[in-house]
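Let's take a walk through this model, starting with how the chain is divided up and ending at the metals.

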Amino acid sequence: MKTLLANLTGAYGPSGREEAVRDVIRQEIRDYADEIREDTMGNLIAVKKGRDAKGKKVMLAAHMDQIGLIVTNIDENGFLRFSNIGGVSPFNVIHRRVVFQNGTTGVVSYETELEDIKNLKLNKMYIDIGAADREEAGKQVRIGDVAVYHAPLTEAGNRFIGCAMDDRAGCAVLVETIKAIKDSPNELVFVFTVQEEVGLRGAKTSAYSLNPDIGISVDVTLTGDTPKSRPMAVNLGDGPTVKVKDSSIICHPKVKNLMIQRAEEAGIPYQLEVLEAGGTDSGAIHLSREGVPSGVISIPCRYVHSAHEMVDKSDMENAVRLLTGILEKDISL
Ligand code: CO
Ligand code: ZN
């Protein structure tokens, strides 16, 4: 899991520029899927055929994209002004190292004459790529180029720290699940989606095209286990979560209950999750066509959307076990 996660989190892939992540995944799963294709939007779709014609068609989704900083202007001194791709908070990016697709690196800072730093907005910030002036900067970066955090994966105890765990941790779980599943009565369609961070866009089009019987997405969620954090009944290391609700979906009770039942049968630790703000791919999947019964399995993650997101190894392993347990058996809703 470590090498896979290092490769996935090290791949450049802000929303709309997921090519490098897609290449890593395609390489990993090519011997485990019956069919692999890429759709118009760039979603990577891997099909594992079911042995039973009456089996369900299950869409599994994890998003490949990560948040980023998009260049809006280059000033005469070579500083880059930027806007956000997805949920970028000023405080998460202050003095972070960032990298562009072509390898250009820089550091993010802000206008220090600002009186009250609490009012800091992205439009008072800039990326310094070490250029002397606009002309020199323009040789490395153009308007519309996107930078992402530069933060190689590291281990701390039983945890991984790295950027883009949201949602490369989910991609890693799906990759390991494809490899773990020997045989299933169900037709399993693994979709590594694009553009989740800007509004669940890849999940929307792929769900329409696939028209699945059930949708399950795998993403990270917040925790309530750090000092004086906002209360939330999710702890790192206590197991993957079975989502009940977030801002994008109220999970279908039958899908939620199926997840709980399989976890309890197999003795897999799990937690129930209510995420007060935030959404994920199932938010788009469940509203496709006339509606698709959908749920979410989440990986607890601290410091989401920062350069150093932390997940627990056992939560990822148990997410693979839980998904495998669900997918290898008959599903009746
Ligand atoms: Co996110
Ligand atoms: Zn996510």
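Here is a quick report on the domains, the interface between them and a metal site.

Keep in mind that this is a predicted model. The protein chain falls into two parts: domain 1 takes in 2–66 + 163–327, while domain 2 covers 68–149. Measure from centre to centre over C-alpha atoms and you get 31 Å between domain 1 and domain 2.

So how do the two domains meet? The table gives the numbers for domain 1 and domain 2.

| Interface feature | Value |
|---|---|
| Residues in contact | 14 of domain 1 with 14 of domain 2 |
| Buried area | about 1200 Å², 57% of it on carbon and sulfur atoms |
| Salt bridges | 0 salt bridges |
| Polar contacts | 6 residue pairs, both at pLDDT 80 or more |

On the domain 1 side, the residues touching domain 2 break down into 6 nonpolar, 5 polar and 3 charged. Tyr12, Arg17 and His305 of domain 1 give up the most area to domain 2, and together they make up 44% of what that side buries.

Now for the metals. Which residues hold the zinc ion (ligand 2)? Its protein donors are His63 through NE2, Asp166 through OD, and Asp219, listed with two OD donors, at 1.9 to 2.5 Å from the ion. Along the chain, these donors of the zinc ion (ligand 2) are spaced as H-x102-D-x52-D. The site has 4 donor atoms with angles of 54 to 148 degrees among them, and it is classed as irregular.

The zinc ion (ligand 2) also has company: the cobalt ion (ligand 1) sits 3.4 Å away, and Asp166 coordinates both.

Definitions and conventions:
Residues numbered from 1 in each chain as written. Chains lettered and ligands numbered in written order. Predicted model: local features only at pLDDT ≥ 70, side-chain atom pairs only at ≥ 80, totals over all residues. Heavy atoms only, no water. Domains from an automatic or database assignment. Contact = heavy atoms within 4.5 Å. Buried area = accessible area lost by both parts, 1.4 Å probe. Salt bridge = Lys/Arg side-chain N within 4 Å of Asp/Glu carboxyl O. Polar contact = N/O pair within 3.5 Å; in protein donor to acceptor, adjacent residues only side chain to side chain. Nonpolar A, V, L, I, M, F, W, Y, C, P; charged D, E, K, R; others polar. Donors = N, O, S within 2.8 Å, 3.2 Å for Na, K, Ca; no water. Tetrahedral: all angles 85-135°; square planar, octahedral: opposite > 155°, others 65-115°.
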